[in-house]
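Got the model open in your viewer? Keep the selection box handy and follow along from stop to stop.

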Amino acid sequence: MNWGVFEGLLSGVNKYSTAFGRIWLSLVFIFRLLVYVVAAERVWSDDHKDFDCNTRQPGCRNVCFDHFFPVSHIRLWALQLILVTCPSLLVIMHVAYREAKAQRRRAVEGDNCRRVYLDPGKKRGGLWWTYLLSLVFKAAVDVIFLYIFYRFYRNYTLPHVVKCELMPCPNIVDCFISRPTEKNIFTLFMVVTACICIMLSLIEATYLIGKRCRECLGAQREQSREHRRDCALSPAESPETGGQVFQGVDYKPPTASIPASTPQDEEALP
């Protein structure tokens with residue numbers, strides 16, 4: 001694996017994330033990805049080889065193992081980590097698209113052209129929606145995989161002994177799982193870290209929505225304040241005097257005397 005490329009991707013994700021997003025990224029990288037690569041993958045490497053049953057009937061051990069382990073923990077975790085980290089890469093791709101669009105415009109119109117984005121990495125417009133949807137998608141992926149684990153392995157735990165009576169087993173046979181206690185510890189650890197990641201994603205989504213609502217309310221207050229200021233500075237008709245009010249003082253414009261029109265003038269009008 002090229003760790004230099006991976007480090008560049010992580011630095012890009014960290015650059016465009018909020019504080020909650022940086023915590024989420026550190027949790028995924030340290031407590032999920034590294035634990036998966038360094039320890040969990042080795043623990044489950046011998047799950048089929050060391051699955052022993054007290055019978056020598058050909059095919060019985062394979063059938064029982066497939067029944068109790070329809071999908072390996074380690075493969076489900078690999079798929080989960082891939083799907084969880086993909087939305088963060090979509091945010092980087094969206095920022096790269098903005099930067100390329102601004103660069104193409106500068107190449108066509110010159111350096112003095114109007115800027116398309118004041119800051120391509122600032123979460124505004126479409127990038128804000130992309131970031132928010134990525135958070136929702138990451139939380140949904142973790143929830144779905146937690147449900148899948150719960151359906152396949154009840155209470156996220158593995159028993160020490162399982163009883164199998166499937167064909168071609170001659171009768172009810174006892175099968176023994178390799179290192180069940182150690183596997184249960186790693187399973188619970190991955191489940192807890194996934195729950196924490198779900199909470200962080202939901203908190204970050206709530207923070208983004210709340211921040212946008214505060215900005216919209218602040219803009220509305222500023223507009224209403226400017227409107228009141230304009231109304232206070234503009235003259236208003238005085239209902240009592242029929243004149244105008246300037247800073248609380250009634251003012252009535254002078255009436256100019258209009259000479260009466262003569263018959264000659266009336267004839268001159270079209």
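What follows is a walk through the chain, one selection at a time.

**Before you click**

This is a predicted model, in which local features need pLDDT of at least 70, side-chain atom pairs count only at pLDDT 80 or more, and totals for chains, interfaces and linings use all residues. Residues are numbered from 1 along each chain as its sequence is written, and side-chain values use heavy atoms, with hydrogens and water left out.

**The whole chain**

Start in cartoon view. The protein chain has seven helices and six strands, where helices (H or I, at least four residues) and strands (E, at least two) are DSSP runs numbered from the N terminus. Trace the elements from the N terminus and you'll read α-α-β-α-α-α-β-β-α-β-β-β-α. Of its 270 residues, 32% count as buried; that label means under 20% relative accessible area, while exposed is over 50% and partly exposed is in between (1.4 Å probe, protein chains only).

**Stop 1: the surface of α2**

Select Ile30, Phe31, Leu34, Val37, Val38 and Phe189, and switch on the surface. Together they make a nonpolar patch with about 470 Å² of accessible area. Such patches are built from residues with over 30% relative accessible area and no salt bridge, with nonpolar side chains (Val, Leu, Ile, Met, Phe, Trp, Tyr) joined within 5 Å and like charges within 9 Å. The areas come from the Shrake-Rupley method with a 1.4 Å probe, and for residues only the protein chains shown count as cover. Helix α2 (residues 19–43) is the main contributor, giving five residues. Zoom in on isoleucine 30, which sits in that helix: its relative accessibility is 43%, so it counts as partly exposed.

**Stop 2: a buried charge pair**

Stay on α2 and show the side chain of arginine 32. Which residue does arginine 32 meet in a salt bridge? Its partner is aspartate 142, at 3.2 Å from N to O. The two residues are 110 apart in the chain, with arginine 32 in helix α2 and aspartate 142 in helix α5. Both arginine 32 and aspartate 142 are buried. The term salt bridge covers a side-chain nitrogen of Lys or Arg within 4 Å of a carboxyl oxygen of Asp or Glu, and the structure holds three of them.

**Stop 3: the cavity beside it**

Keep Arg32 selected and add Trp77, Gln80, Leu146, Phe149, Met190, Val191 and Ala194: these residues line the second largest cavity. Three elements give two or more residues each to this lining: α4 (73–109), α5 (126–152) and α6 (180–233). Helix α6 supplies the largest share, three residues. Colour by class and you'll get six nonpolar residues, one polar and one charged, with Ala, Val, Leu, Ile, Met, Phe, Trp, Tyr, Cys and Pro taken as nonpolar, Asp, Glu, Lys and Arg as charged, and the others, Gly among them, as polar.

The volume of this cavity is about 50 Å³, and the count comes to two cavities of 30 Å³ or more. A cavity here is a set of points on a 1 Å grid over the protein atoms alone where a 1.4 Å probe fits but cannot get out, and lining residues have an atom within 4 Å of a point. Grid points are joined across faces, edges and corners, and the volume is the space filled by probe spheres set on them.

**Stop 4: where α5 meets its neighbours**

Measure between C-alpha atoms here. Isoleucine 198, in helix α6, is 8.1 Å from alanine 140, though 58 residues separate them in sequence. Isoleucine 198 is buried, at 11% relative accessible area. Next, pick phenylalanine 137 in helix α5: cysteine 86 is 9.6 Å away, C-alpha to C-alpha, and 51 residues off in sequence.

**Stop 5: the β2–β3 stretch**

Select lysine 163 and aspartate 174, whose side chains form a salt bridge at 2.9 Å, N to O. Lysine 163 belongs to strand β2 (residues 161–164) and aspartate 174 to strand β3 (residues 173–176). Lysine 163 is exposed, at 58%. In the loop between these strands you'll find proline 168, joined to methionine 167 by a cis peptide bond with omega of about 10 degrees.

**Last stop: arginine 179**

Move on to the loop between β3 and α6, home of arginine 179. This residue has a positive phi of about 50 degrees without being a glycine. Most residues other than glycine have a negative phi, and most peptide bonds are trans. Arginine 179 also forms a salt bridge with glutamate 182, the closest N and O atoms being 3.7 Å apart.

Key. 1 Å grid on protein atoms, 1.4 Å probe; cavity = no way out; pocket = protein on both sides within 12 Å on 5 of 7 lines; lining within 4 Å.
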